[in-house]
Amino acid sequence: KRRLSVILCLALSGALPAWAGLNAKNGELGFDFGFTHFDSDVSDMGAFRFAFRGGYCFTELFELEGEGVGMGNTEDTNVADVTTALSVTLVNAVFNFHPKNKQVVPYVLVGAGVSTLTIDLDPGPDTDDNGSAFQIAGGSRFFFGEKKRVAVRVEGSMFQEDTFDEASPHYSVTAGC
């Protein structure tokens, strides 16, 4: 919880909307909020998701971006409160498609990185494990403003993390700037 709170505060205090027309030799900064459906082996509940990302466009088509993602939920069972938190750090290869309409830029991405899954029982012990992660996603940026330098981003993604000797796929829907 504390790590997610710190990430959220830092992101909101210094967050800038996506800036760039996504041309070669410029970049973007952004954040998004959404919902994650955890794999049933991890949690029976969905989770709030927050991500902060920044990237650099090497060409009009190819962008390399770093992404930090935090998600979690708390479930009140009759025995204990169970808090499930997952943090993922990824490097994504983003492929931006530029149709004639410059206001909408669809994209697909693939990424790889590391994850930490923490399960906290109250009362009871905390357990966590680190592992690898990868994701595939697709979405669109919807640019607005006079110079089309600010965008709203909508994305659907699937990522898989490998913790506690088990590969778990999770599905997310997010929106942000």
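**Reasoning through a predicted model**

Modeller: Let's start with Phe-164, which has a relative accessible area of 37% and is partly exposed. Keep in mind that this is a predicted model.

Biologist: Why is Phe-164 called partly exposed?

Modeller: Buried means under 20% and exposed means over 50%. Phe-164 has 37%, which lies in between, so the label is partly exposed. This residue sits in the loop between E8 and E9. Phe-164 also has a positive phi of about 50 degrees although it is not a glycine.

Biologist: What about Asp-165: buried or exposed, and how do you know?

Modeller: Asp-165 has a relative accessible area of 80%. The cut-off for exposed is over 50%, so Asp-165 is exposed. Asp-165, too, is found in the loop between E8 and E9, and its phi is positive at about 60 degrees, although Asp-165 is not a glycine.

Biologist: Which residues form the negative surface patch?

Modeller: Asp-41, Asp-162, Asp-165 and Glu-166 form that patch.

Biologist: What makes Glu-166 eligible for a patch, as far as accessibility goes?

Modeller: A patch residue needs over 30% relative accessible area. Glu-166 has 33%, so it passes that cut-off, and it counts as partly exposed. Its place is in strand E9, residues 166-176.

Biologist: Now to charged pairs. How do you know that Glu-67 and Arg-53 form a salt bridge?

Modeller: The closest N and O atoms of Glu-67 and Arg-53 are 2.9 Å apart. A salt bridge needs a nitrogen of Lys or Arg within 4 Å of a carboxyl oxygen of Asp or Glu, so this pair qualifies. Glu-67 is in strand E4 (residues 62-76) and Arg-53 in strand E3 (residues 46-57), 14 residues apart.

Biologist: Why are Glu-67 and Arg-53 given the label they have for accessibility?

Modeller: Glu-67 has a relative accessible area of 3%, and Arg-53 has 3% as well. The cut-off for buried is under 20%, so both residues are buried.

Biologist: What makes Arg-153 and Glu-65 a salt bridge?

Modeller: Their closest N and O atoms are 3.5 Å apart, and the limit is within 4 Å, so the pair counts. Arg-153 lies in strand E8 (residues 150-163) and Glu-65 in strand E4, so the bridge ties together parts that are 88 residues apart in sequence. Arg-153 and Glu-65 are both buried.

Biologist: Which salt bridge does Arg-153 form with Glu-155, and how do you know?

Modeller: For Arg-153 and Glu-155, the closest N and O atoms are 3.5 Å apart, so this pair also falls within 4 Å. Arg-153 has a relative accessible area of 4%, and Glu-155 has 4% too; under 20% means buried, so that label fits both. Salt bridges that share partners join Glu-28, Asp-32, Arg-49, Arg-53, Glu-63, Glu-65, Glu-67, Arg-141, Arg-153 and Glu-155 into one network.

Biologist: How many salt bridges are there by this rule?

Modeller: The count comes to 10.

Biologist: How many disulfides does a search of the whole structure find?

Modeller: Zero. A disulfide needs a pair of cysteine sulfur atoms within 2.5 Å, so no pair in the structure meets that cut-off.

Biologist: Why do Cys-57 and Cys-177 carry the accessibility labels they have?

Modeller: Cys-57 has 0% relative accessibility, which is under 20%, so Cys-57 is buried. Cys-177 has 27%, between 20% and 50%, so Cys-177 is partly exposed.

Technical notes:
Residues are numbered from 1 along each chain as its sequence is written. This is a predicted model: local features need pLDDT of at least 70, side-chain atom pairs count only at pLDDT 80 or more; totals for chains, interfaces and linings use all residues. Side-chain values use heavy atoms; hydrogens and water are left out. Buried means under 20% relative accessible area, exposed over 50%, partly exposed in between (1.4 Å probe, protein chains only). A salt bridge is a side-chain nitrogen of Lys or Arg within 4 Å of a carboxyl oxygen of Asp or Glu. Helices (H or I, at least four residues) and strands (E, at least two) are DSSP runs, numbered from the N terminus. Patches are made of residues with over 30% relative accessible area and no salt bridge: like charges are joined within 9 Å, nonpolar side chains (Val, Leu, Ile, Met, Phe, Trp, Tyr) within 5 Å. Accessible areas come from the Shrake-Rupley method with a 1.4 Å probe; for residues, only the protein chains shown count as cover. Lys and Arg count as positive and Asp and Glu as negative; His and the chain ends are not counted. The place of a charge is taken as NZ of Lys, CZ of Arg, CG of Asp or CD of Glu.
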